[in-house]
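Hi everyone, thanks for coming along. Today I would like to walk you through a structure that may be new to you, so please have a look at it with me.

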Amino acid sequence: MLTDITLGQYFPGNSFLHHLDPRAKILATMIFIVAIFFANSVATYGIVTAFVVLNFIISRLPAKLILKSLKPLWIIIIFTMGIHVFSTPGEIWWQYGILHITKEGVYQGSLMTARLVFLIVFSSLLTYTTSPIVLTDGIEHLLNPFKRVGVPAHELAMMMTIALRFIPTLLEETNRIMKAQTARGANFTSGSLIQRGKNMIPLLVPLFVSAFRRADDLATAMEARCYRGGEGRTRMNELSYTYRDGIAMVAVLIVTIVLAVMRWVL
């Protein structure tokens, strides 16, 4: 399952979304995440579904990436569905002892589960279509106004992007160590909870050693290249807004306004 986690991975492409300014993509993602919470009916969720599917089509990403982004979180998705199905009062469809499934529970659980799925899938589009370097520049530019109150914009952006970038690397390393320890007789799937915890020690120790070694190598490489923070740094390619970014922001704002009107006016 570790190999199916796509968080932090970038998939090169030449689509409309790949060419958007990272600042526009970050702001659009934040606005649409808020807009998803405006959806409270089948019609509004239909609009959200259409918009998410349209963005994936425009991005030209493989459809299997949607399933890969959801697969590691299937337990949380099922748990969210179960909480609403078994705890929401209403017209009972099935009952066994204290357990019961209601019509309202199924309806509410379906909406909440769909909301969670949309949050995960749409957020994944940001990292799928934006390289780590460009994402760092976008985050730094958005944090620049906070420099006046002492916020280290460049350093924060660098730390967030490095953390995001190394998630796939650490997962790959974890998977490699698990296979190596399994070949030596380690068992990570059976036994009591305490026993499983003890069995994780041969996995965690080399993983932490590897993580600290990678961090040290990265720090050495940055120092060797005379990295001294964000002061006075220049860029080969400066960020600039284009007509594409305007189209994207207008589209997101239109969807947000429509969902807000359908929730509070209609």
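I will begin with the whole chain, then turn to some helices and a few residues.

One thing to keep in mind from the start is that this is a predicted model.

So, what is the chain built from? Its secondary structure comes to 10 helices and 2 strands. If you follow the sequence from beginning to end, the order reads α-α-α-α-β-β-α-α-α-α-α-α. In other words, four helices come ahead of the strands in that pattern, and the remaining helices follow them.

How far does the C-alpha trace of the chain span along its principal axes? The answer is about 70 × 60 × 40 Å. The chain has 266 residues, and buried residues make up 36% of them. The accessible surface comes to about 16,200 Å², and 69% of that belongs to carbon and sulfur atoms.

Next, the contacts. Take those between residues at least 6 apart in sequence: 75% of them join residues at least 24 apart. As for charge, the chain carries 24 positive and 15 negative charges, and the mean positions of the two sets are 6 Å apart.

Now let's look at helix 1, which covers residues 22-36. I'd like to show you two of its partners.

The first partner I'll show is helix 6, residues 132-143. The axes of helix 1 and helix 6 are 8 Å apart, and the two pack at an angle of about 70°. Angles of 65 to 115 degrees count as roughly perpendicular, so that is how helix 1 and helix 6 sit relative to each other. On the helix 1 side, the contact is made by Pro 22, Arg 23, Ile 26 and Leu 27. Helix 6 brings Val 134, Leu 135, Gly 138, Ile 139, His 141 and Leu 142 to that contact.

The other partner is helix 5, residues 103-128. Here the axes come within 10 Å and cross at roughly 175°. Anything over 145 degrees counts as roughly antiparallel, and helix 1 and helix 5 are therefore roughly antiparallel to each other. Helix 1 contributes Lys 25, Ile 26, Ala 28, Thr 29, Phe 32, Ile 33 and Ile 36 to this contact. From helix 5 come Arg 115, Phe 118, Leu 119, Phe 122, Ser 123 and Leu 126.

Let's zoom in on some single residues, beginning with Val 48. You'll find Val 48 in helix 2. Is Val 48 buried or exposed? Its relative accessibility is 1%, so Val 48 counts as buried. Leaving out residues up to four places away in sequence, Val 48 touches Phe 32, Ile 36, Ala 39, Phe 118 and Leu 259. Among these, Phe 32 and Ile 36 took part in the helix 1 side of the contact with helix 5, and Phe 118 in the helix 5 side. Val 48 and Val 255 are 207 residues apart along the chain, yet their C-alpha atoms are separated by 8.0 Å.

Staying by helix 2, look at the loop between helix 2 (42-59) and helix 3 (64-70), where Arg 60 lies. Arg 60 is not a glycine, but it has a positive phi of about 60°. With 64% relative accessibility, Arg 60 counts as exposed.

Over in helix 4, residues 74-87, we meet Val 85. Its relative accessible area is 9%, so Val 85 is buried. Setting aside neighbours within four places in sequence, Val 85 is in contact with His 100, Ile 101, Thr 102, Gly 105 and Val 106. Asn 187 is 102 residues away from Val 85 along the chain, and their C-alpha atoms are separated by 35 Å.

Ser 87 is also found in helix 4. At 48% relative accessibility, Ser 87 counts as partly exposed. Between the C-alpha atoms of Ser 87 and Val 151, 64 residues apart along the chain, the separation is 44 Å.

My last stop is Thr 113, in helix 5. Thr 113 counts as buried, at 12% relative accessibility. Which residues does Thr 113 touch, not counting those up to four places away in sequence? They are Ile 77, Thr 80 and Met 81. From Thr 113 to Thr 80, C-alpha to C-alpha, is 6.3 Å in space, with their positions 33 residues apart in sequence.

That's my tour, and thanks for listening!

Terms used:
Residues are numbered from 1 along each chain as its sequence is written. This is a predicted model: local features need pLDDT of at least 70, side-chain atom pairs count only at pLDDT 80 or more; totals for chains, interfaces and linings use all residues. Side-chain values use heavy atoms; hydrogens and water are left out. Buried means under 20% relative accessible area, exposed over 50%, partly exposed in between (1.4 Å probe, protein chains only). Contact means heavy atoms within 4.5 Å. Accessible areas come from the Shrake-Rupley method with a 1.4 Å probe; for residues, only the protein chains shown count as cover. Lys and Arg count as positive and Asp and Glu as negative; His and the chain ends are not counted. The place of a charge is taken as NZ of Lys, CZ of Arg, CG of Asp or CD of Glu. Axes are lines fitted to C-alpha atoms, for helices over the stretch in contact, and angles run from 0 to 180 degrees between N-to-C directions. Angles under 35 degrees count as roughly parallel, over 145 as roughly antiparallel, 65 to 115 as roughly perpendicular and the rest as oblique.
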